[in-house]
Structures are given as C-alpha cells and as structure tokens.
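Subject: A structure for you to look at

Hi there,

Here is the structure I promised to pass on. Have a look at it first, and then read on for what turned up.

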Amino acid sequence: MADILYKIINGRVVTPSGIIKDGQVVIRNGRIAEVGRANVDIPQAQVVDAGGGYVAPGCIDLHVHGGGGHDFSEATPEAFRRIAQAHALCGVTALCPTVAAADGQVFRQAIRCCEHAMSHPAGQGAAILGLHLEGNYINPAMKGGLDGAFLHAPDPEEYEALLSDTTCIKRWSASPELPGACEFARYASARGVLVSLAHTTAGYAQLKEACRAGFSHVTHFYNAMTSVHKEREFKHEGTVEAVYLMRGLSVEVIADGIHVPPPILRLVYQIKGPEQTALVTDAIAAAACEGDYARVLGEGLVVEDGVCKLADRSALAGSIATGIRLIRVMAEQAEIPLADVMRMAAETPARLMGIAEKKGTLAAGKDADVILFTPRFEMQATFVEGRMCRKSLSPDVCGTGCDAETDELKQK
C-alpha cells in the first residue's frame, strides 16, 4: 500500500479530556499517526486546513434503518452501500445496519448483505460493524411504528438457528416482559450479542430479572416505553424510572431534539453520564437524502419540522437525523460540553461494541475515523479509516444547514 499521508491543521481537536486549540492530526495509511499541537512539519503530507473548525472522532451510529433514499430492509448490497455513503457525508464513520420487524427471509437476506459489506468495505462509506435486529420479539402493545404482523415471543428454534449461522448479528432488541425473553437474552449475550430492551412495559422487578439474564442496553430510551403512571388509585414506576435505577444499564437516545426534547436529553446526560449514553439517529430512508422526500416515503408520510410524520400529523413516523445533527442538538440545545457530546457520539458506542481499541477517539494507532465541522456545525470533511469522502451535498441535507463541500477544503 502506498504511503498515504494527511496532515489536518488549524483545528480545534476534540479529545475525551478536552479540546486542543490550534491542534494537528496526522493520518498515515488509514490510521492516526499523531494528535497534538501543530509543531511538526511533514513535507510529503497532503495538508487539510480545518479553518479553525473542529476535528473530532467520527460518529458511531448503533441504530440506523436507512438514509440516502434506501432502507436496510431492502436487503441488497446496493442499499447497504448507498446508506453507508450517505451517512458518512453527514458525520458517521461506522454504523450498525438496523432491520425492523420483518419476515424471517428478510433477516436472512440482510445477514448475507451485512456479511458481504463487512468483508468488502465500500471505500467511500461508513464502516459496517454488524447487524442490529429490532424484532421480531416485541410486545405488540408497544410496537410503535413496527409492523405488528411479524411480532411474537422469542422462538428458540429461530434465534438459535440464526445465531449459529452467522457472527454478523451484533445487536438484538427485544421486549424483556415477553415469555422466553430472558432465555433468549442468556443465549444471545453468551454469543457476544448486545441484547437491548425495547418497545416495553417492563417495570423495576422485570428489568432486574432481565439484566441478570443478559439485557445490558436500552434501545431508543424514552421512546416506546412506559414512565411513571397510575393503575387505579396507585402510582407505579415505568420502564424509564427502572432504567435510571439500574446503574450498569447503558442507554441510547435519538438526539434529534424531537424524539427526545433537549431538557430530557440533558437529564439523561446528568444521570447516566457520557460513559453510559450513546447517541443514535434511528434514521429512515429520508435521512441524508437529496431529492423528493415523497418518492422515498410513499403515501401517508411527510417530512416536516426536521422529522418524519404521519400525513395527518397525529404521530411521529421516523427520524431523519444525521450524525452532525446529533452533535449540534446536544451541544447547542441540550447545552452539553462538546468533549462529552463526542464521547456519547463515538467513544461510548465503540466501547459498547467492543471496538474501543480501534475506534471512538482520536489517538495514535487507532483507525483514522475523523470528521471536520465548522463552529456552526456544518460538515467540512469525513475520513473513514483514512479515506476522504469527496461528494458534495446540497444545503440542509445533513439537517444542520451544512453543505459538506469536501472538494473545496483548503489544501496545500
């Protein structure tokens, strides 16, 4: 492999311990060679001038259904490639393709596509970390936007067959109150799968049992789950309160500022902390998408106010968030320090997926997954394992008014 060198200069380099002003990041052959203050001359390097903007680790999105006009449930190599490319341009350098409740054949086709994507990197798109199944072991009473026709209790014959056939399933979301859910969690977690509780009515006692069985994470916290409520004259804790009481339980939040309001995002940060909180988009096909939303969504859905809604405006129907939008909402609206925002966007997801030795922070020896953005949170560039993404997007595609004009970076 040729000696490919980039030197990113004149940036505010975001690290877990703080921000290095007038910092420098050197990339060599797909890895970070140096992080620090700009004091080393590397004549052979291609210089990328950050223009006083931020240089940060790329977002790791553990829950994304689609983008760029495609959905992972299409279960085709082209859909996987196009979604990974679209989200990379908006700040995501690694992701878990998420397939919602569907026919078992769709799961099997998605598994084959995911295996291929993991062994054949797309080159210009976010790295594929492994598949996330959001179904079919979901409580119908809390199904949200999932197709109820496919929901049922965990089936040992089914999940044992799937998990014995592939190692690409890295996440699986389920409702812990269903019959057989704890047995499912024991089996899946023993095989290295991150088992997440989701779409659930589970209270404190059920959640304690679920955590003992292998549930260790919470899918889109606050969404499709109960909070404190009354049953006749008595108050009862909901799933939300139970999650807060479980100290070892990590959570993910759809940080678009709509699915979870900014004050609650700040509450999650204050209680769970950046070490146990991951930011996710839960994005659908309309995210990071140029062109006609109606063509992507079909009838009955509209994109409005930065989110997808039912056409009658009776409910939200999906996120169109991107990585850079998550960062902007958490920093500007939830008023969280940017260093901690990036921990939740990159470092914590990397640790949850067991890849923190390679990804999640800007440090020498790690994969060169780097994003550049302005103080106004407009994308400037994305590097995925040292490869620079170079397609321009029209304004607002990333959800923050960004242009992502990576071809027009100041280079020397």
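Which residues of helix α4 (residues 181–190) are buried? In this predicted model, they are Ala181, Cys182, Phe184, Ala185, Tyr187 and Ala188. The cover over these buried residues includes three strands, β12 (169–174), β13 (194–197) and β14 (215–218), along with the helices α3 (156–165) and α5 (204–213). Just past the end of α4, Gly192 adopts a positive phi of about 85 degrees.

Two of the buried α4 residues, Phe184 and Tyr187, turn up again among the aromatics. Ring pairs join them with Tyr137, Tyr159 and Trp172 in a cluster. Tyr187 also has a charged neighbour: Arg191 lies over the face of its ring, 3.5 Å from the ring centre. A second arrangement of this kind involves Arg12, whose charged end sits over the ring of Tyr54 at 5.1 Å from the centre.

Now to the aromatic pairs in general. The model has 13 of them. One is formed by Tyr6 and Phe383, an edge-to-face pair with 5.0 Å from centre to centre and 70 degrees between the planes. This pair ties together distant parts of the chain, since Tyr6 belongs to strand β1 (residues 5–15) and Phe383 to strand β23 (residues 379–384), 377 residues apart. Tyr6 and Phe383 are both buried. Another pair is Phe72 with Phe80: the ring centres are 4.8 Å apart and the planes meet at 70 degrees, so this pair counts as edge-to-face, the cut-off being over 60. Phe72 is buried, and Phe80 is too.

Next, the pockets. The largest one has a volume of about 870 Å³. Its lining is made up of 30 residues, and those closest to the pocket centre are Gly145, Leu146, Ile284, Ala317 and Gly318. Two elements, α8 (293–297) and β21 (316–318), give two or more residues each to this lining. The largest share comes from β21, with three residues. By type, the lining of the largest pocket splits into 15 nonpolar, ten polar and five charged residues.

The second largest pocket has a volume of about 570 Å³. It is lined by 28 residues, of which Ala117, Met118, Ala127, Ile128 and Leu129 are the closest to its centre. At least two lining residues come from each of α1 (77–88), α2 (104–119) and β10 (127–128). Here the lining divides into 16 nonpolar, five polar and seven charged residues.

Finally, there is an enclosed space to look at. The count gives one cavity of 30 Å³ or more, and the largest cavity holds about 50 Å³ of space. Around it are Val14, Thr15, Pro16, Pro57, Ala339, Met342, Arg343, Glu347, Gly360, Thr361 and Leu362. Strand β1 and helix α10 (338–352) are the elements that supply two or more of these lining residues. Helix α10 gives the largest share, four residues. The cavity lining comprises six nonpolar, three polar and two charged residues.

If you would like a place to begin, try Tyr187: this residue is buried in α4, belongs to the ring cluster and has Arg191 over its face.

Happy viewing, and all the best!

Methods: Residues numbered from 1 in each chain as written. Predicted model: local features only at pLDDT ≥ 70, side-chain atom pairs only at ≥ 80, totals over all residues. Heavy atoms only, no water. Phe/Tyr/Trp six-rings, centres within 6.5 Å; stacked < 30°, edge-to-face > 60°. Buried < 20%, exposed > 50% of the residue type's maximum accessible area, 1.4 Å probe, protein only. Lys NZ or Arg CZ within 6 Å of the ring centre and 35° of its normal. 1 Å grid on protein atoms, 1.4 Å probe; cavity = no way out; pocket = protein on both sides within 12 Å on 5 of 7 lines; lining within 4 Å. Points joined across faces, edges and corners; volume = space filled by probe spheres on them. Nonpolar A, V, L, I, M, F, W, Y, C, P; charged D, E, K, R; others polar. Contact = heavy atoms within 4.5 Å.
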